[in-house]
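Dear colleague,

I am passing on to you the structure we spoke about, with my notes below it. Please look through the structure first and then read on.

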2 protein chains.
Amino acid sequence: MTTTSDAPAVAADLALAAELRVSLGRATRRIKGERGDAGLSDPQFNVLAILLREGPMSPGALADLERIQPPSMTRTVNCLVERGLVRKDEHPTDGRQVVVTLTEAGEAEVAETRRRRDAWLSARLAGLTADERTTLVQAAELLRRIAAS
Amino acid sequence: MTTTSDAPAVAADLALAAELRVSLGRATRRIKGERGDAGLSDPQFNVLAILLREGPMSPGALADLERIQPPSMTRTVNCLVERGLVRKDEHPTDGRQVVVTLTEAGEAEVAETRRRRDAWLSARLAGLTADERTTLVQAAELLRRIAAS
DNA sequence: CCCCGGTCGTGAACGCAGGTAATGAGGTAG
DNA sequence: CTACCTCATTACCTGCGTTCACGACCGGGG
């Protein structure tokens, strides 16, 4: 009715979109709430996770990955330096750049925080059936594609 | 079978938990990014949505639903009053309480914002197969249960 | 009737995370 | 060697959350 051939599919998409949006928002809020114990804020944890996955990089690169502006990243990184979780070194060839590197304490911290978060979520997942877990595995893949688009 | 016998399932839960957490976080961030046009912040929009769904209620009740402290809700509500999206009336019998009511402009605003967000998400969903959409429908239900626990 | 504990909403002061604008150090093309 | 560009940082502003403190109002006992 609206534009082309399959109005029902469009209407179903809208309903699913609304439902998915609400569920996603609530679940995410719930998971984030499971972090406080370590004293690491969400952006701080994200920086550590990136460094663990991608290796040392400059503050500017970190800011790009997190889609925030460089000054915000500078502050976050400085906070992590004070806690001894990352280190700031000079770039070997480019005097402007700074290289942010994860310390051993930082590695331990991200492992610990991740463990705690995943422990909470996996405790919930344990109450599901095998089919339901499969559904979530596939949904995780779909969500990744959606988020990347 | 969930407790001690099947270690592999526990390991799979941990992996799924980690993957789901990342995917959820990214998708949610992406969706939230699709809101800015209306000038309504996320907590403000949430208040309007609650009022539309549940009907008029006191600031304290709103604060409870949003899991924030009353002063924060007072500020958010006042901001919405200034924009003409909600109205604050005296409670008919209890002089302490205030009743927050959605105005017509508020109704229109939440409908518009919701339409814009869902339009973005449903555009992504349109690129999926029927099976994949079914997966997401089921996942939305599972996520709701997880978030409620 | 008046007081008294409890509840509700709010004001003030603070913390944290994001943004923009401007600055300074360092590289690079001409 | 000069001019332009990039990178990180500094200073300041905004939004949203918190805690603490206070005034307004309801209810029940003296």
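Please bear in mind throughout that this is a predicted model. I begin with how the two protein copies are arranged, and then turn to the two DNA strands.

The copies meet through the same surface, because 98% of the interface residues of chain A are also interface residues in chain B. A turn of 180°, together with a shift of 0.1 Å along the axis, lays chain A on chain B with an RMSD of 0.1 Å. The two copies are thus related as by a two-fold rotation axis.

One contact between the chains pairs helix α6 (residues 130-148) of chain A with helix α6 (residues 130-148) of chain B, whose axes come within 8 Å and cross at roughly 110°. The helices α6(A) and α6(B) are therefore roughly perpendicular to each other. On the side of α6(A), the residues in this contact are Glu132(A), Thr135(A), Leu136(A), Gln138(A), Ala139(A), Leu142(A), Arg145(A) and Ile146(A), and they meet Glu132(B), Thr135(B), Leu136(B), Gln138(B), Ala139(B), Leu142(B), Arg145(B) and Ile146(B) in α6(B). By class, the residues of this contact of α6(A) with α6(B) comprise eight nonpolar, four polar and four charged.

Next, DNA strand C. This strand is surrounded by 22 residues, of which the closest are Ser41(A), Gln69(A), Arg75(A), Gly95(A) and Lys88(B). Where atoms of DNA strand C lie within 4 Å of the protein, 63% of them belong to sugar or phosphate, and the rest to bases. Among the polar contacts, an N or O atom in the side chain of Ser41(A) is 2.7 Å from a phosphate oxygen of DNA strand C, while a polar backbone atom of Gln69(A) is 2.8 Å from a phosphate oxygen of the strand. A base is also approached, since the side chain of Arg96(B) has an N or O atom 3.4 Å from a base oxygen of DNA strand C. The elements that give two or more residues to the surface near DNA strand C are α4 (70-82) of chain A, along with α3 (59-66) and α4 (70-82) of chain B. That surface has seven nonpolar, nine polar and six charged residues.

Which residues come nearest to DNA strand D? Of the 24 residues around DNA strand D, they are Lys88(A), Ser41(B), Gln69(B), Ser72(B) and Arg75(B). Sugar and phosphate make up 64% of the atoms of DNA strand D that come within 4 Å of the protein. The side chain of Ser41(B) places an N or O atom 2.3 Å from a phosphate oxygen of DNA strand D, and a polar side-chain atom of Ser58(A) lies 3.5 Å from a phosphate oxygen of DNA strand D. For a base, the contact to look at is that of Arg75(B), with a polar side-chain atom 2.5 Å from a base nitrogen of DNA strand D. Two or more residues each come to the surface near DNA strand D from α3 (59-66) and α4 of chain A and from α2 (42-54) and α4 of chain B, and α4(B) provides the largest share, four residues. The classes on this surface are seven nonpolar, 11 polar and six charged residues.

With best regards

Terms used
Residues are numbered from 1 along each chain as its sequence is written. Chains are lettered from A and ligands numbered from 1 in the order in which they are written. This is a predicted model: local features need pLDDT of at least 70, side-chain atom pairs count only at pLDDT 80 or more; totals for chains, interfaces and linings use all residues. Side-chain values use heavy atoms; hydrogens and water are left out. Copies are superposed by least squares on the C-alpha atoms of residues with pLDDT of at least 70 in both. Contact means heavy atoms within 4.5 Å. A residue is near a molecule or strand if one of its heavy atoms lies within 4 Å of it. A polar contact is a pair of N or O atoms within 3.5 Å; within protein, one must be able to donate a hydrogen and the other to accept it, and residues adjacent in sequence count only if both atoms are side-chain atoms. Ala, Val, Leu, Ile, Met, Phe, Trp, Tyr, Cys and Pro count as nonpolar, Asp, Glu, Lys and Arg as charged, and the others, Gly among them, as polar. Axes are lines fitted to C-alpha atoms, for helices over the stretch in contact, and angles run from 0 to 180 degrees between N-to-C directions. Angles under 35 degrees count as roughly parallel, over 145 as roughly antiparallel, 65 to 115 as roughly perpendicular and the rest as oblique.
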